[in-house]
Amino acid sequence: MSGELTLVIPQTESLLAQPVNEVSEGASLIEAVRGGDQEAFGRLYTLYAPMVHGILLARVPWRDVDDLVQDVFLTAFRRLNTLRDDNAFGGWIAMIARNRAMDYHRRAREVEELNENIPLASQSEAEAEAAKVLEVIRELPEAYRETLILRLVEGMTGPEIAERTGLTPTSVRVNLHRGMKLLREKLGMEEVS
Amino acid sequence: MKGDYLWDGSGEPDPDIENLERVLGTLRHKAAAPALPVAPAKRHARLNWFAIAAALILAVVVGAWAISMRHQSEQEAALPLAQNGEESKQEEKLQGSLPEAPQRIEGPAAATEAGGEKSVILATNSKAAPKRSARAWVARDTDEHDRREVIEEDQGIDEIVALSNIAVTGFDSEVTKHIEKAQLLLRSFKNARAENDRRAADISYEKRMSKDLLYQNIWLRRSAEARGDLPVGELLSSLEPYLIDIANLPAKPSKDDMLAIKERIEKKEIVATLQVYSVQAANPIY
């Protein structure tokens, strides 16, 4: 028996929710936006609009989401001087989006509910199918719902979701896998081992 | 590893996930960034001081104008000023000589707010008024310095406006609140759906809100026009037709009725225009 020992170091995920270079870019963009830089605002929008869109899509009718995305960004712009930590922009604008969704439901007047699942003449078959699946996702617990929409609708990867929302990668991974498991059950898909 | 595909798209693709991506991808965000209205306030107080200075200068100018108008009317007035609400017989006679009873439109805050921050607008709607010198009762201040002024006009005009005190904020907070409520109304109206006659949407809430906002809009528009605030006046003018149309709809309108208004709302991008005002209004103050 040899006296050689092999030290095994388990791979661990980075504890940082955000890579340092992305954090710096976000903070410098925000400073530029404060100065009225339209291009910086466009870039910031490109980075965070999918996340805001996904958060809203998890909560409000999909036809109204685009308007609300614009509203959230204009609100964020208006309140930019209240943002204490530029590196926390993602979590901050996510909070604005969730609050905006709550306002939407609070102020929407009661009507005969037009379920998005009812196919409309103007709706394409693809949209109708997407709306049905979206309804199923919306029945899932909130944490899973949002993360799944960001992954499956907006096409963001797990690391991107963690980076933009401020969640830890571990939390995002758990939400994705558990959410996907529930979604398979609801959609009647066979679970892939 | 299939688990990796869900996490970061690497490894062997999971067919169920691929299928979901294909189906749900049609809902993906595509819209372009909105235009940046104006630069937001920086974290230091420089812009606030500028806004305060501008507000003070405006207050001084308006105050000087009000004093000069009062001085002029005191010199020219033939009637004694009323004291503490006592009506004089001559005022009653004069009131009788007016071609038409003046319409008084007061803002909701006018009668209740203390401290003199109110505007009261008096308008005559007489198109039949003779084209000659006319006396008209002007805005009556309702605070403890109750006074009545008489303004003599040489030209025949349809509306006679006078302001007692003006709340100078740069962006009037009442206009800002009104604009925000109007945005909510238009969005709510856009969301109302009447897909067929059997399921006509009930818009009684929108109608009621529209009516309230319409009166408020008229008052605010006239205030803005009186103080020479053309941009606000024009903004409120552009909003007014929508408020009128929605207020005049039947309680359960047909799909076509609603579609016509919705299309105009979309085409003229009125909601976006109101949004830009809201953003601009908030910036100088904060």
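**Entry 1: Asp67(A) and its partner**

I opened with Asp67(A), which counts as partly exposed at 32% relative accessibility. A note to self before going on: this is a predicted model. Next I looked up what the side chain of Asp67(A) meets, and found a salt bridge with Lys190(B), 2.9 Å from N to O. The pair joins two chains, because Asp67(A) lies in helix H3 (residues 65–78) of chain A and Lys190(B) in helix H5 (residues 173–191) of chain B. Is Lys190(B) buried or exposed? I got a relative accessible area of 16% for Lys190(B), so I put it down as buried, the cut-off being under 20%.

**Entry 2: Arg184(A) and Asp16(B)**

I then checked Arg184(A), whose side chain meets that of Asp16(B) in a salt bridge, with 2.9 Å from N to O. This pair crosses between chains too: Arg184(A) sits in helix H8 (residues 169–187) of chain A, and Asp16(B) in helix H2 (residues 15–24) of chain B. I looked up the cover on Arg184(A) as well, and its relative accessible area is 7%, so it is buried.

**Entry 3: a pair inside one helix**

Back in chain A, I went to helix H1 (residues 20–34), which holds both Glu31(A) and Arg34(A). They are three residues apart, about one turn of the helix. Their side chains meet in a salt bridge, at 3.1 Å from N to O. How exposed is each of the two? Glu31(A) is partly exposed, with a relative accessible area of 44%, whereas Arg34(A) is buried at 3%.

**Entry 4: a network**

Which residues are linked in a network of salt bridges? I wrote down Arg59(A), Arg98(A), Glu142(A) and Glu146(A). For the tally, I have 18 salt bridges over all chains of the structure.

**Entry 5: chain A as a whole**

I finished by stepping back to look at chain A. I listed eight helices and zero strands, so my string of elements from the N terminus on reads α-α-α-α-α-α-α-α. How much of the chain is buried? Of its 193 residues, 49% count as buried. I also looked at contacts between residues at least 6 apart in sequence: 67% of those in chain A join residues at least 24 apart. Last came the surface, where chain A exposes about 10000 Å². Carbon and sulfur atoms supply 52% of that exposed area.

Conventions
Residues numbered from 1 in each chain as written. Chains lettered and ligands numbered in written order. Predicted model: local features only at pLDDT ≥ 70, side-chain atom pairs only at ≥ 80, totals over all residues. Heavy atoms only, no water. Helix = DSSP H or I, 4+ residues; strand = E, 2+ residues; numbered from the N terminus. Buried < 20%, exposed > 50% of the residue type's maximum accessible area, 1.4 Å probe, protein only. Contact = heavy atoms within 4.5 Å. Areas by Shrake-Rupley, 256 points an atom, 1.4 Å probe, with all protein chains shown as cover. Salt bridge = Lys/Arg side-chain N within 4 Å of Asp/Glu carboxyl O.
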